[in-house]
Every structure is written in C-alpha cells, then in structure tokens.
Amino acid sequence: MTKQRTTTLAHYLSETSPTELNTVISAITSASIKIRALIHTAGLTDIYGSSQTTNIHDEEAQKLDLIANTIIKETLLDTTVVSAIASEEEDTLCTPSVPPQKTRNYVVLIDPLDGSSNIDVNISVGTIFAIYDDIKENPLSSCLQPGRNQIAAGYILYGPATMLILTVKNGVIGFTYDPNHDTFIVSHPSIKIPDTHQYYSINEGNTYRLRPESLNFLTYAKSQHISSRYVGSLVADFHRNLFKGGIYLYPGLIEKPNGKLRLLYEGNPLALICEQAGGNATNGTDNILDITPKTLHQTTPLFIGNTALVQHINSRD
Ligand code: FBP
C-alpha cells in the first residue's frame, strides 16, 4: 500500500514564510482552485471561446483569461497585504482602494491563464506569478524590480493533475492538488532539473523568422538527437523540461527582436524557479533575472532550461 503524502501547502508555508507572504501565496492558490473547477467544466458552461476583446498585447483575450484575471485580482486585493497587482490582462496596475497598512506588503505580477490558445482544446494551461516586496516608493517601481529581487515565484499547472510549483528562494517544491481534501499536498519535495538534455521546445513554424543564433542552436539540438516537444503553453513546456531536462526557446524574431513573452510575469518567475532548480534562463545575452525592467508589459526573448543548453545559445551570439 503506497504511503499517502500529507504535508500541506499551509503547513509548508507556516514553516518557511512570513505570515504576510503566506497570505499572498494562499490567496493565489485558493483562486487557482476556483479556476481549476471552471476549467474542468468549461465545456458545459459556455465559458470557452473569445471574449471579443483584445489585451494590451493586441492579442484576443479568451473568456477564461478574463474570468481567471478577475478571480485572482479580487482574491489578492481582499488580503490587505497586496499594494499592487500587474496582470497580463490589465493595461495598468491594480491597486486596493485602501492602501495596505501592514509592515510588510507585497506586489504581485501575474499571467492569470498562460497558454490561451490551448484553453478551448483541453490542453494544459497555467497561472504564473511573481511576488516582490513593496519597496515603499510607488507601486510601479516595486513592480519594475529585477527578477533577482523576487521574494517568491511559482505556477499552477492545470493538467491531468493540478500542480503548484513554488520557490520561496530555498529550492523548488512541488505540490499536487488533492480534491478529496481540497488542498495542495507536497508531492515533489525537492525539484532539480536533471542533467539530461532530452527535449527542446520551440515553435518551428517561426523557422523563417528566426535569427542565425537560434537557427544554429536548432541545428545543434538536432545533431545531438534532442527530441522536439512543443505544446504551445509555456507553463506546460517549461514543466516537462524542468522534470525531464531540456530547453524552451521563444527567441527574438527578425521582425520582433524582443520576442513575444512578457519579462515580468512569464520570464522572471520561471527564470527564478529554473535557477533554484539548478537551471538557467537568458535573453540570449543577459541572465533574465538581472534585467532591470522598464515597462510593465515589456517582452523578452526567452531561452530557459538546462544551463549547458542555455549557455550554448549565449556562446553563439
Ligand atoms: P499567453 O497564452 O499567456 O498569452 O502566453 C503566451 C503563449 O501562449 C505561451 O504560453 C506559449 O508558449 C506561446 O505563447 C505560444 O506562442 P506561439 O503560438 O507563437 O508559438
């Protein structure tokens, strides 16, 4: 009879995090449990499909993108320890009507539902988050800190199982949602990216728009018989490569040198998890975590995974 794991997220956070941070992470995960329930029955409740609106990236927002955004935003603003939220689905910062009074407050940067193009076709999607200290200047400057200043980062993957992958900057830990107890339970106590280069994940449909260094890397990966896997949900592709070893690439394109992915709520949180798990992430030259952001929704080329593979990209520039 296999031994049932029992350490809950609440227990883990009470052991590792200040109360206020515990409150913020618990708010994000309780919101994710509501989002999970909606995703699981989306086909029965007419919440698939486009919202007929576009976000600041000029991308069509899916209904579930906006629903997830609202659930997370409201849950976080209710905590009274969050002074600002930056979201992929919000043009500007969301701030509470009453500024938080606690000694320690946070700002949260979030991609409410990553992998939008996969929502309607029942493929894994996820929620990605980054948490910083509120540095008390103004909420925007608290959000525009380099990724290395993150206090915590994580994602929830809505896949066959719903998993939370989290770092509070002492390694990476994985939790699995247990619907019988309606809570996240530790399932992967210490996640390290294996030193096996099994997969590369890139949209090869962009091949004719790639710059030479990315094309060279593809040639190298194929010469090493590294397998290609691309789901089209960053969070799912990153998750596979984190557990199996590999690299996810969304390079700058000839006509879009800064790529597609957002530095603040896609690049930085995954880069921190990857580094804490023994991997690495760059924009092709600089470590993602050392970039000082200029704007909330700036994009960046992203190469993330095994250090050796990522450094292979850097060395080709
Ligand atoms: P959003 O879904 O949050 O906008 O994220 C961007 C994303 O969908 C990633 O999840 C994915 O890896 C990538 O874009 C897919 O882009 P493309 O369709 O150009 O390959």
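How far does a polar side-chain atom of Lys-260 lie from an oxygen atom of the ligand? Keep that one in mind while you look around; the answer is in point 2. One caution before we start: this is a predicted model.

1. Let's start with the ligand's neighbours. There are 18 residues around the ligand. Among them, Asp-114, Gly-115, Tyr-230, Leu-234 and Tyr-250 are the closest.

2. Now for the polar side chains. Lys-260 has a polar side-chain atom 2.9 Å from an oxygen atom of the ligand, and that settles the opening question. For Arg-262, a polar side-chain atom also sits 2.9 Å from a ligand oxygen. Asp-114 joins in too: an N or O atom of its side chain is 2.7 Å from an oxygen atom of the ligand. On its own, the ligand has 470 Å² of accessible area, and the protein covers 88% of that.

3. Next, have a look at the largest pocket, with a volume of about 390 Å³. Its lining is made of 25 residues, and Gly-115, Ser-116, Ser-117, Gly-232 and Lys-260 lie nearest the centre. You've met two of those names already: Gly-115 is one of the residues closest to the ligand, and Lys-260 is the one from the opening question.

4. Where does that lining come from? Domain 1 (9-188) and domain 2 (199-310) each give at least three residues to it. Strands β2 (60-62), β4 (106-114) and β12 (246-250) each supply at least two. Sorted by class, the lining has 10 charged, 8 polar and 7 nonpolar residues.

5. Finally, don't skip the second largest pocket, at about 180 Å³. It is lined by 14 residues, with Ile-39, His-40, Asn-122, Ile-123 and Tyr-158 closest to its centre. This lining has no charged residues; it is made up of 8 nonpolar and 6 polar ones.

Technical notes:
Residues numbered from 1 in each chain as written. Predicted model: local features only at pLDDT ≥ 70, side-chain atom pairs only at ≥ 80, totals over all residues. Heavy atoms only, no water. 1 Å grid on protein atoms, 1.4 Å probe; cavity = no way out; pocket = protein on both sides within 12 Å on 5 of 7 lines; lining within 4 Å. Points joined across faces, edges and corners; volume = space filled by probe spheres on them. Helix = DSSP H or I, 4+ residues; strand = E, 2+ residues; numbered from the N terminus. Nonpolar A, V, L, I, M, F, W, Y, C, P; charged D, E, K, R; others polar. Domains from an automatic or database assignment. Near = heavy atom within 4 Å. Polar contact = N/O pair within 3.5 Å; in protein donor to acceptor, adjacent residues only side chain to side chain. Areas by Shrake-Rupley, 256 points an atom, 1.4 Å probe, with all protein chains shown as cover.
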